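Biologist: I would like a close look at one part of this model rather than a tour of the whole. Please keep to the geometry and the contacts.

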Amino acid sequence: MSAVPKSRRPARSARAARRLVNLRDRLFDARQLVQSERTPYTLIHEDGIVRLRAYAPAATAPVQHAVPVVLVAPLAVNMTIYDLFPQRSLIADLLARGFRVYLIDWGRPGPAQDHWRLSTYITEWLPALLARVRADAGQQALSLHGWSFGGLFAYAYTAWSGDRDIRNLVLLGAPCDYHDNGVLGQQYRRLGRVVRRLGRLPGLRPHATPPRWWRAPGWFNSVLYKLTAPVASLRPYLDLLADLDDRDKVAAHATNAAFLDDMVAYPGGVIQDVVQFLWTDNCLAEGRLPIAGCEARLEAIDANLLLVAGRGDPIVTPACAKALLRFAASRDVRVLDAPGGHMAIVSGSQAPKAIWPEVGDWLAARSA
């Protein structure tokens, strides 16, 4: 075996030292590597755990659009997904296009919020928060941009409220027909049959039990999300081992992990509603809202509608999302079949070229 030339030894030693430093920082001081949430904002409202952020459009934007964009976040996630990297930020992209942006941060529910239900978000929080947005923006017309459960909140609020000033709805991976949802849909149907059988016995319907029994902690939601695509969840860690000498790639891994490893709890009452109304009754697929005693229907939606469905999304398949089109009365409708999975359609590596320009142009044409 030939000896390593002396000229190469310092380079190899330096590379090994870099790898050790990067590994140490990734394991024990990952916070310094995280690049998300660098875009400045103003906190314009805070009520308990719920916060409302305001972002001013870039002064260099070619045009300033009159209609603000409200990002309606889903549950279980932290807000880093919307401002993931300085060079790959949905918020920064919208600001650069001249939109005033607001972000609803639902916070981190604890046991004190276990009584919150879907109706709490749709019929209590959203009306109050959108009133704050309108007061701050001096503008009644709004665009709601909802990803995942945030999309469900956005369109359910629009149907329930009859708010004619919701001009545009941008829905990314927003679930509707839970039973027509690929492999997960099959599991929901099986679970629904079990829930219906148990519901024949007194006290065994989901809503007849204490909400605290149904609470889904954040760590559980992180594990469950990763299990929907286990190979894709494992691959970044294998790539990290190969790229430990590259500080930028290590920082990118830490930034993505700050989102995926730090998910938030679902309140117990929300899970009760999900199991009964969405998984068992599949009420949205019948045009009904997941709110007890509510007579409003999805046919009340008449806002301009842009529906983004991820071709590789196992959590909300295109069929599940597009079921909303059977009911919405919107005359201006566009469907964008986008590359990527559930997270990728909002802030993945392909989103800045394949999705954000389409969404931005669509909103700009309807935000005068």
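Which residues in H3 meet which residues in H4?

Modeller: The model is a predicted one. On the H3 side the residues are Leu118, Tyr121, Ile122, Thr123, Leu126, Pro127, Leu130 and Arg134. On the H4 side they meet Phe149, Leu152, Phe153, Ala156, Tyr157 and Trp160. By class, this contact of H3 with H4 has 12 nonpolar residues, one polar and one charged.

Next, the geometry. Two packed helices are described by the angle between their axes and the distance between the axes. Helix H3 spans residues 118–137, and its axis lies 10 Å from that of H4, at an angle of about 80°. An angle of 65 to 115 degrees counts as roughly perpendicular, so H3 is roughly perpendicular to H4.

H4 covers residues 149–161 and holds both Tyr157 and Trp160. These two are three residues apart, about one turn of the helix. They also appear in the list of H4 residues that meet H3. A pair of aromatic rings is described by the distance of the centres and the angle of the planes. A search of the whole structure gives 13 aromatic pairs. For Tyr157 and Trp160 the ring centres are 6.3 Å apart and the planes stand at 45°, so this pair is tilted. The cut-offs behind that label are under 30 degrees for stacked and over 60 for edge-to-face, with the rest tilted. The two partners differ in accessibility class: Tyr157 is buried, with a relative accessible area of 5%, whereas Trp160 is partly exposed at 32%. The limit used here is that buried means under 20% relative accessible area.

For another tilted pair, take Tyr178 and Tyr188, with 5.7 Å centre to centre and 55° between the planes. Here the pair links distant parts of the chain, 10 residues apart. Tyr178 is in the loop between strand E6 (166–172) and helix H5 (182–198), and Tyr188 is in helix H5 itself. Both Tyr178 and Tyr188 are buried.

Back at the contact of H3 with H4, some of its residues recur in an aromatic cluster. Tyr121 of H3 and Phe149 and Phe153 of H4 are among the contact residues. One aromatic cluster is formed by Trp106, Trp116, Tyr121, Trp125, Phe149, Phe153 and Tyr266.

Just before H4 comes Ser148, which lies in the loop between strand E5 (142–147) and H4. Most residues other than glycine have a negative phi, and most peptide bonds are trans. Ser148 is not a glycine, yet its phi is positive, at about 60°. With a relative accessibility of 14%, Ser148 counts as buried.

H3 also packs against a further helix, H9. The axes of H3 and H9 come within 7 Å and cross at roughly 100°. H3 and H9 are therefore roughly perpendicular to each other. From H3, the contact involves Leu118, Ser119 and Tyr121; from H9, it involves Val270, Asp273 and Leu278. This contact of H3 with H9 has four nonpolar residues, one polar and one charged. Leu118 and Tyr121 are named in the contact of H3 with H9, and they are also named in the contact of H3 with H4.

Two residues flank the H9 side of this picture. Ala265 lies in the loop between helix H8 (247–260) and helix H9 (268–280). Ala265 is buried, with a relative accessible area of 8%. Leaving out residues up to four places away in sequence, Ala265 touches Pro109, Arg215, Ala216, Pro217, Gly218 and Asn221. The C-alpha atoms of Ala265 and Ala328 are 31 Å apart, with their positions 63 residues apart along the chain.

The other residue is Asn282, in the loop between H9 and strand E7 (304–310). Asn282 has a positive phi of about 50° although it is not a glycine. Its relative accessible area of 8% makes Asn282 buried.

To return to the part you asked about: H3 and H4 pack at about 80°, through a contact of 12 nonpolar residues, one polar and one charged.

Conventions:
Residues are numbered from 1 along each chain as its sequence is written. This is a predicted model: local features need pLDDT of at least 70, side-chain atom pairs count only at pLDDT 80 or more; totals for chains, interfaces and linings use all residues. Side-chain values use heavy atoms; hydrogens and water are left out. Rings of Phe, Tyr and Trp (its six-membered ring) pair if their centres lie within 6.5 Å; planes under 30 degrees apart count as stacked, over 60 as edge-to-face and the rest as tilted. Helices (H or I, at least four residues) and strands (E, at least two) are DSSP runs, numbered from the N terminus. Buried means under 20% relative accessible area, exposed over 50%, partly exposed in between (1.4 Å probe, protein chains only). Axes are lines fitted to C-alpha atoms, for helices over the stretch in contact, and angles run from 0 to 180 degrees between N-to-C directions. Angles under 35 degrees count as roughly parallel, over 145 as roughly antiparallel, 65 to 115 as roughly perpendicular and the rest as oblique. Contact means heavy atoms within 4.5 Å. Ala, Val, Leu, Ile, Met, Phe, Trp, Tyr, Cys and Pro count as nonpolar, Asp, Glu, Lys and Arg as charged, and the others, Gly among them, as polar.
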